[in-house]
Amino acid sequence: MTDSHEPSLPAPDAFERELSTDLDDRTPDKPRGMPLHTKILLGLVIGAAAGLGANAALGADHPGLAWTVNNVASPIGALFLRLLLMVVMPLVFSALVVGVAGIGDIRKLGRVGAKAFGYTLVVSAISVAIGITLANTIRPGERIDAATAAGLEARYGQDAAKRVEAATGNDAAKKPVLTQVVETIVPANPVAAAAGETPNLLHVMFFALALGVASTLVRPTVAAPFIKVMEALFDISVKLIELIMKMAPYAVAALLFANTAGFGLELLGTLAWFMATVLLGLALQMFGVYSISVALLSRIPPLEFFKRIKTVMMTAFSTSSSNATLPTALRVTEKNLGVPPEINSFVLTVGATANQNGTALYEGVTVLFLAQIAGVDLSLGAQITIAYMAILGGIGTAGVPSGSIPFIIVMLASIGVNPALIGIILGVDRILDMCRTTLNVAGDITAATYVARSEGYTLLGGRGSPPAAI
């Protein structure tokens, strides 16, 4: 038994305590004032209310409102998003290397990976089944008249044409499937994969996994300096994220204002049935499937689970990006749920790209919705194909805002529906993107808790400590 009297550490100042304890509800020395998640919630409400009010009072095309959105709100939101995405690459790389090296045993790594991948496939299949069932039951595409659909398509047609051209002009679709899989996962040049304006996260993750595995196969004296550097990079990245999150409430307000000021209540009313179908599916997955998963597989009370990850959910909702939310998810999952770092860093970083249940559900509903508007009656076989493609899309879609749009365009073309119809839903895509990203990130955390529990770790109060050897 270890001595319970640990060496005393210097007491952090108030600013340090606020940064490091704000995400932990049970810390004994909480900083004064509102916690971060409350500030973010206020930012959400104020930004959305201000945007809808400005849209109702002035109209989306008002020059003053457009100037405010383009020159004030959007730049503030873009700054926050770019700061978060700036740190994602070093954080993901160092977290995966350290996590894999921490697992140590290659057999255990394979076991953890297999569990995470199996969980992702099963839960994604359930989410797609929910979405397609709701789309066939509610049939939202038959509840919008042709004139309204034509008006929406005309309004967003120019943006839709650009997206269709970008999605269908890719020569990669002409290559054999296995070749596409290899090129999608394995980088030819990992430096180039990380250096672009939009880094290829799958390529970077594969390279990090390879380095982490290789570091467990060399002498400890050789690997130790490299692992120390990666640990330092990870800790510094986390600290930088903590600093960036200080501006989250203000950036969230700006992001919500920019989004709601543009579409207003009129567009929401026009596409109400489509939005209701998507949101109902997301709610069933979040509070039904995930609650059952954490209760039975992770042995965590669902209400306690959602309470402890509320900061992550608010960050995901405001940023619409699984990648940008990853730093907060890593910290909260370890600090508030007790998932050990070696499991946490592996499952969450891979999950930010591969475990996107909300995206899979949204893609399935959207394709059926647009097919119903186009009058295309899809057979059972065609819908099974859509489900299959939606599951793959949830795994392969980039964890960035509107990352699913190109994949939806390809799916529409594959079933004979005019891809330009994507313009009908572009106006509300961002608000639904915020909701499905929240589901995606929560799903990543349920996967991490399941894997940790199945590996014998004690969650919540145990802070991720493995059981004593028997």
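Two residues are taken to be in contact when they have heavy atoms within 4.5 Å of each other. With that in hand, a convenient place to enter this predicted model is Phe 274. Leaving aside neighbours within four places in sequence, Phe 274 is in contact with Pro 140, Tyr 362, Val 365, Thr 366, Phe 369, Ile 425, Val 428 and Leu 432. Phe 274 also belongs to the largest nonpolar core, a set of 107 residues, where Phe 274 and Val 347 are the residues with the most contacts inside the core. Helix 20, spanning residues 426–454, gives the most to this core, with 13 residues. Another core lies apart from it and has 8 residues, among them Val 69, Ala 73, Ala 254 and Ala 261.

The overall picture of the chain comes next. The secondary structure amounts to 20 helices and 0 strands. The protein chain has 470 residues, and 50% of them count as buried. Its accessible surface is about 21,200 Å², with 66% of that area belonging to carbon and sulfur atoms. Taking the contacts between residues at least 6 apart in sequence, 82% join residues at least 24 apart.

Leu 271 gives a local view of such pairing across the sequence. This residue sits in the loop between helix 11 (248–270) and helix 12 (272–296). Leu 271 has a relative accessible area of 1% and therefore counts as buried. Its C-alpha atom is 7.9 Å from that of Ile 425, although the two residues are 154 apart in sequence. Ile 425 has already appeared among the contacts of Phe 274.

Polar residues also take covered positions. Gln 383, in helix 18 (residues 380–396), has a relative accessibility of 13%, so the residue counts as buried, the limit being under 20%. Its side chain is joined to that of Asn 136 by a polar contact of 2.6 Å. Beyond the neighbours within four places in sequence, Gln 383 is in contact with Ile 132, Asn 136, Leu 368 and Leu 378.

Turning to charged pairs, the count comes to 4 salt bridges. One of them joins Arg 111 and Glu 455, whose closest N and O atoms are 2.9 Å apart. This pair links distant parts of the chain, with Arg 111 in helix 4 (residues 106–138) and Glu 455 in the segment after helix 20, 344 residues apart. Glu 455 also meets the side chain of Lys 115 in a salt bridge, at 2.7 Å from N to O. Here too the pair links distant parts of the chain: Lys 115 lies in helix 4, and 340 residues separate it from Glu 455. Arg 111, Lys 115 and Glu 455 are thus linked in a network of salt bridges. Within the network, Lys 115 and Glu 455 are buried. For Glu 455 the relative accessibility is 16%, whereas Arg 111 has 39% and so counts as partly exposed.

A further salt bridge is formed by Glu 304 and Arg 308, with the closest N and O atoms 2.6 Å apart. Both residues lie in helix 13 (residues 302–308), and because they are 4 residues apart, about one helical turn separates them. In an α-helix there are 3.6 residues a turn, so residues three or four places apart point the same way. Glu 304 is buried, with a relative accessible area of 18%, and Arg 308 is buried as well, at 12%.

Helix 14, covering residues 310–319, is mostly covered, as 9 of its 10 residues are buried. The buried residues include Lys 310, Val 312, Met 313, Met 314 and Ala 316, together with Thr 311, Thr 315, Ser 318 and Thr 319. Just after this helix, Ser 320 takes a positive phi of about 60°.

Finally, the surface carries a nonpolar patch. Val 182, Ile 185, Val 186 and Phe 206 form this patch, and together they have about 300 Å² of accessible area. Ile 185 lies in helix 7 (residues 177–185). With 37% relative accessibility, Ile 185 counts as partly exposed, because that class lies between the buried limit of 20% and the exposed limit of 50%.

Conventions: Residues numbered from 1 in each chain as written. Predicted model: local features only at pLDDT ≥ 70, side-chain atom pairs only at ≥ 80, totals over all residues. Heavy atoms only, no water. Buried < 20%, exposed > 50% of the residue type's maximum accessible area, 1.4 Å probe, protein only. Helix = DSSP H or I, 4+ residues; strand = E, 2+ residues; numbered from the N terminus. Patch = residues over 30% accessible without salt bridge, like charges linked within 9 Å, V, L, I, M, F, W, Y side chains within 5 Å. Areas by Shrake-Rupley, 256 points an atom, 1.4 Å probe, with all protein chains shown as cover. Polar contact = N/O pair within 3.5 Å; in protein donor to acceptor, adjacent residues only side chain to side chain. Core = buried A, V, L, I, M, F, W, Y, C linked by side-chain atoms within 4.5 Å.
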